[in-house]
Number of protein chains: 2
Amino acid sequence: MATEDELDRAFLALADPVRRTIVARLSRGSATVNELADLFPISKQAVSKHIQVLEQAGLVTRSRDAQRRPVHLAPERLEALTAWIDRYRLVREAQYRSLDALLGSSDPGAPPHHAPPDKEHPS
Amino acid sequence: MATEDELDRAFLALADPVRRTIVARLSRGSATVNELADLFPISKQAVSKHIQVLEQAGLVTRSRDAQRRPVHLAPERLEALTAWIDRYRLVREAQYRSLDALLGSSDPGAPPHHAPPDKEHPS
DNA sequence: GCCTTCGTCAACCAGATGGTTGACAACGCC
DNA sequence: GGCGTTGTCAACCATCTGGTTGACGAAGGC
């Protein structure tokens, strides 16, 4: 299970097309900084920073190979993200489905399909 | 399927503990801005901004109820996120598992477990 | 009609982010 | 030892973010 701060960093890391492309590339095998930099029209320093963000987010790891520092994907953290999302997605979809089945259809403009706002925090 | 820009906004939206808490709260039912603001020690204007971020990310929708504007979770976009993550997570874990089974164990410092970096972008 | 509640808009501020360039350390090849 | 390769560190800059406060529009209750 990831801490709040780890979730922060992991989601933030994926909120950038460059870093998502890096993840996609790494899912097909490790790569060096220069190899990854070839994928983008930005400097290798910028790519190095992106990798640091991914590393601090726990999404990638690095090893040593002479002067190279290959980057590898760390799927465990990805799994933690889907776990977080699914916790709320599934609850919600279950509500949708059960009530959609009940109501037949729902007004997309004002989705009622569930109990009135469960005010657990009234003023 | 979500566009790159939509993924950007959705991941960015979840990269904040306040917004994640809002999502968690909404998974148990809709809520108004003031109800959500009660959950945090910040102004309702700030919460309103967070909701705008979530709305532009496609993670929540809003409806009208007199002068209230209830916020509802939109699970479809959450589903798109897990779909994106799983695409790369599963590939990667399949590699891990098959090679872990093959090798018995792997050096965590320098995970080799697959073919040498598939250089599709050599200089 | 008046006032309260709900929510947003605008202006502003401190700090983080993503990019640049330049210098430099580490390693291996000759 | 000298050189090319790989990658990082530091300084700098423009832009975005998350928060504030203050004013204001919209909808109902009285």
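Helices (H or I, at least four residues) and strands (E, at least two) are DSSP runs, numbered from the N terminus. This is a predicted model, in which local features need pLDDT of at least 70 and side-chain atom pairs count only at pLDDT 80 or more, while totals for chains, interfaces and linings use all residues. Residues are numbered from 1 along each chain as its sequence is written, and chains are lettered from A and ligands numbered from 1 in the order in which they are written.

**Exercise 1. Describe the fold of chain A and the confidence in it.**

Solution.
Step 1. Chain A contains five helices and two strands, which follow the pattern α-α-α-α-β-β-α along the sequence.
Step 2. Confidence is expressed as pLDDT, the predictor's value for each residue from 0 to 100. The average for chain A is 81, and 73% of the residues score at least 70.
Step 3. Confidence in chain A is highest in helix H2 (residues 17–26), at a mean of 96, and lowest in helix H5 (residues 75–103), at 78.
Step 4. Over residues 105–123 of chain A, pLDDT stays under 50. Two residues are in contact if their C-beta atoms, placed from the backbone, lie within 7 Å; for residues 105–123 of chain A the model has 29 contacts beyond four places in sequence.
Step 5. Among contacts in chain A between residues at least 6 apart in sequence, 45% join residues at least 24 apart.

**Exercise 2. Locate Ala66 in both chains and assess its backbone and exposure.**

Solution.
Step 1. Ala66(A) lies in the loop between E1 and strand E2 (71–73) of chain A, and Ala66(B) lies in the loop between E1 and E2 of chain B.
Step 2. Phi of Ala66(A) is positive, near 60°, in a residue other than glycine. Phi of Ala66(B) is also near 60°, a positive value. Most residues other than glycine have a negative phi.
Step 3. A residue is buried if 20 or more other C-beta atoms lie within 10 Å of its own, exposed if 12 or fewer, and partly exposed in between, with C-beta atoms placed from the backbone. Ala66(A) has 5 C-beta neighbours inside 10 Å and therefore counts as exposed; Ala66(B), with 5 other C-beta atoms within 10 Å, is exposed.

**Exercise 3. Place Thr61(A) relative to strand E2 of chain A.**

Solution.
Step 1. Thr61(A) belongs to strand E1 (residues 60–62) of chain A.
Step 2. Because 18 other C-beta atoms lie within 10 Å, Thr61(A) is partly exposed.
Step 3. Thr61(A) and Leu73(A) are 12 residues apart in sequence, and their C-alpha atoms are 6.4 Å apart.
Step 4. Leaving aside neighbours within four places in sequence, Thr61(A) is in contact with His72(A) and Ala74(A).

**Exercise 4. Verify the length of helix H4 of chain B and identify its buried side.**

Solution.
Step 1. The expected span of a helix is 1.5 Å times one less than its number of residues. At 1.5 Å a residue, the 13 residues of H4(B) (residues 44–56) should span 18 Å, and the end C-alpha atoms are 18 Å apart, which agrees.
Step 2. The buried residues of H4(B) are Val47(B), His50(B), Ile51(B) and Leu54(B). They cover an arc of only 100° around the axis, so they lie on the same side of H4(B); the arc is that of the directions from the helix axis to the C-beta atoms.
Step 3. The cover over these buried residues includes helices H1 (4–14), H2 (17–26) and H3 (33–37) and strands E1 (60–62) and E2 (71–73) of chain B.
Step 4. Leu14(B), in helix H1 of chain B, counts as buried because it has 27 C-beta neighbours inside 10 Å. The C-alpha atoms of Leu14(B) and Leu54(B), 40 residues apart along the chain, are separated by 8.2 Å.
Step 5. Beyond neighbours within four places in sequence, Leu14(B) is in contact with Phe11(A), Arg19(B) and Arg20(B).
Step 6. After H4(B) comes Gly58(B), whose phi is positive, near 80°.

**Exercise 5. Characterise the surface near DNA strand D.**

Solution.
Step 1. A residue is near a strand if its C-beta atom, placed from the backbone, lies within 6 Å of it. DNA strand D is surrounded by 20 residues, the closest being Thr32(A), Asn34(A), Ser48(A), Ser43(B) and Ala66(B).
Step 2. H4(B) supplies the largest share of this surface, five residues.
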